[in-house]
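Look through the structure below before reading on. The paragraphs that follow start with the chain as a whole and then visit single places in it.

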Amino acid sequence: MFRPRAGLLPSLVLSAVVLSASVPTAGAADGPGDPVFPSLGNTGYRALRYDLALDYRAGTRTVDGTAVITVRPDRALARLELDALGLTVRGVRVDGRPADFAAHDEKLTVTPAGRFLPGAVTRLTVEYSADPRAALPHTGWVPTPDGFAVAGQPNSAHTVFPCNDHPGDKARFTIAVTAPDALLGVANGELTATERLGDGRTTRRYVSREPMATELVQVSVGDYTVRERTGPHGLPLRDVVPTARAAELEPALALTPGQLVWAEAHLGRFPFEVYGILPVNTDDPAAFAFTGLETQTLTLYKPNFLRQAEPAIGSHMMHELVHSWFGNSVSPARWSDLWLNEGHADFYGLMYRYERGWPDAWGHTTLVDRMRYVYGLGDQWRHDSGPVASPTAADLFDSQRYTGGALVLFALREKVGAEAFDRIERTFLGTHRYGNATTEDYVRTASAVSGQDLRGFLHDWLHGLRTPPMPGHPDWVVGPVGPTGAVPAVPAAPGAAGVAVPGPSAWERGAAGAGGPGVARGSGTL
């Protein structure tokens, strides 16, 4: 995650509007009322598709952008709002006709000459520019020495392009990236066209076949080389690698085909047209605070992390790969449903680790041993970060959503059995494929597939203030609760008397970065 930096003063520059968040944040009435980010997103319409064109200007290190947003209003609207921050907007058109526009909070209000009519498909065109290095309260830009990458999760895609920035409004995307000929512009999906402009620049156009949440958009420009290989059943694999580091990163990138075979055996066929890894072209530790980020079809990574041996990186790579199913194909309907993404990614990442025989940082060698340890931390985590499915913006990425979510899934599997659990997983993924799902959707699926009413059981695990008994393990004990951030004494496993069990790292306790949420996904401690 990105740490807040000093805000910009709102200003009017000629006919352009610079969008800033230095004024108070909009209230819940301005958005769909997400329980974590109440002002994020907008009501009154659905976004159907985004056609983005980003032109990187190497001389100024800025980006000129055009966003064509196709929307369908669900009621008559005199004006329509988009999320936008830090963008210098030069003009807006509605179905080709100039429209008035104004900035407030992190919104761009568009007012056409007429009204937006319910059900009438409408195209909004926003022309703007942006500086990836701008000091903003939060940002989705990752500046690099020769360009940029994008990391919009959870609430910063609208610093890169104007949008309805909420995962509940997924849309189709085409992205055209223009860059100097010496650099490579890449984005999510498949490369469908390359055009040399004859002025030292090249435009590449990418199309995503399936809908995508705004927070999963990836655009990057830099001195990259594309490495192609083939995955299971002929799946195209495309890694985008810093040219100077392609050889040293190859051992890590070559792991993906085998990881896909394992993931598909558990979760079914890979849901997208292509997959790959983008080790972003910077070693700046301040560039971004996480290690990997699951942008759709192209996972962002810190390159130095991938230089390690397979036992140190394999489970983390599996975590990010599993997000293709949980998070990308099936996206959360609300940010409070994040545990569905991260709990599943941790659960399968840990399974993969222990099946491969790699001990974790605590010396555990089985999923049961690790879950017993996490179970002992359960009440402390609920005290510090709330129940698994009840996050706030401040603790959204605490480990309660990650390994705490994995503990919920482990409890469910112990309750219903491994065979029923696998059917629950596949049914849930199939039912909500390429859409959104809530925690309640998962509970309904679990109950229907298992033939048991699991509402009370899962409510206690997901929303309870105390850790419930673990099915099949009456001897498991929850440690006492201390002050926030304390490490409770976790009883040793039977037969391990006298063995010191290390306390959780700062990541495991969900320690927060300065001014921002704890960043569990960058830990590498799966």
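Strands, like helices, are runs assigned by DSSP and numbered from the N terminus; a strand has at least two residues and a helix at least four. In this numbering Thr125 belongs to strand S10, which covers residues 122–130. The model in view is a predicted one.

The chain in outline comes next. Its secondary structure amounts to 10 helices and 24 strands. The protein chain has 526 residues, and 61% of them are buried. Among the contacts in the chain with a separation of 6 or more, 70% join residues that are 24 or more positions apart.

Thr125 can now be looked at again. Is Thr125 buried or exposed? The cut-off for buried is under 20% relative accessible area. Thr125 counts as buried because its relative accessibility is 9%. Neighbours within four places in sequence aside, Thr125 is in contact with Thr66, Ala67 and Val68, and also with Gly91, Val92 and Arg93.

Some places in the loops have backbone features to note. Most residues other than glycine have a negative phi, and most peptide bonds are trans. Asp95 has a positive phi, near 50°, and is not a glycine. Asp95 sits in the loop that runs between strand S6 (88–94) and strand S7 (97–98). Asp95 has a relative accessibility of 47%, so it counts as partly exposed. Thr297 is another residue other than glycine with a positive phi, here near 75°. The loop holding Thr297 lies between strand S21 (292–293) and strand S22 (299–301). With a relative accessibility of 3%, Thr297 counts as buried. A cis peptide bond, with omega near 0°, leads from Gln153 to Pro154. Pro154 is part of the loop between strand S12 (147–150) and strand S13 (171–180).

Another loop, between strand S20 (277–279) and S21, contains Asp284. Asp284 counts as partly exposed because its relative accessibility is 42%. Along the chain Asp284 and Pro145 are 139 residues apart, while their C-alpha atoms are separated by 9.6 Å.

The helices can be taken in turn, beginning with H4. Helix H4 spans residues 338–355 and includes Tyr352. Tyr352 has 3% relative accessibility and therefore counts as buried. Which residues does Tyr352 contact, leaving aside its neighbours within four places in sequence? They are Gln259, Trp262, Glu310, Gly314, Ser315, Met318 and Trp358. The C-alpha atom of Tyr352 is separated by 9.5 Å from that of Leu367, a residue 15 positions away along the chain.

Leu367 leads on to the next helix pair. Helix H5 (residues 367–376) and helix H7 (residues 399–416) have axes that come within 10 Å and cross at roughly 115°. The crossing of H5 past H7 is left-handed. On the H5 side, the contact is made by Leu367, Val368, Met371, Val374 and Tyr375. On the H7 side, it is made by Thr403, Ala406, Leu407, Phe410 and Arg413. Of the residues in this contact of H5 with H7, 8 are nonpolar, 1 is polar and 1 is charged.

Between these helices in sequence comes H6, which includes Asp384. At 19% relative accessibility, Asp384 counts as buried, since the cut-off is under 20%. Apart from neighbours within four places in sequence, Asp384 is in contact with Pro483, Thr484, Gly485 and Ala486. From Asp384 to Ala486 there are 102 residues in sequence, yet the distance from C-alpha to C-alpha is 8.9 Å.

The last stop is the empty space inside the model. Rolling a probe the size of a water molecule over the atoms shows where such space is left. How many cavities of 30 Å³ or more does the structure hold? There are 3 of them, and the largest has a volume of about 60 Å³. Its lining consists of Val374, Gly378, Trp381, Arg382, Val388, Gln400, Gly404, Leu407, Val408, Trp461 and Thr467. Helix H6 (378–385) and H7 each supply at least two residues of this lining. H7 gives the most, with 4 residues. The lining of the largest cavity divides into 6 nonpolar, 4 polar and 1 charged residues. Val374 and Leu407, listed in this lining, also take part in the contact of H5 with H7.

Technical notes
Residues numbered from 1 in each chain as written. Predicted model: local features only at pLDDT ≥ 70, side-chain atom pairs only at ≥ 80, totals over all residues. Heavy atoms only, no water. Axes fitted to C-alpha atoms, helices over the stretch in contact; angles between N-to-C directions. Left-handed = near helix turned anticlockwise from the far one by under 90°. Contact = heavy atoms within 4.5 Å. Nonpolar A, V, L, I, M, F, W, Y, C, P; charged D, E, K, R; others polar. 1 Å grid on protein atoms, 1.4 Å probe; cavity = no way out; pocket = protein on both sides within 12 Å on 5 of 7 lines; lining within 4 Å. Points joined across faces, edges and corners; volume = space filled by probe spheres on them. Buried < 20%, exposed > 50% of the residue type's maximum accessible area, 1.4 Å probe, protein only.
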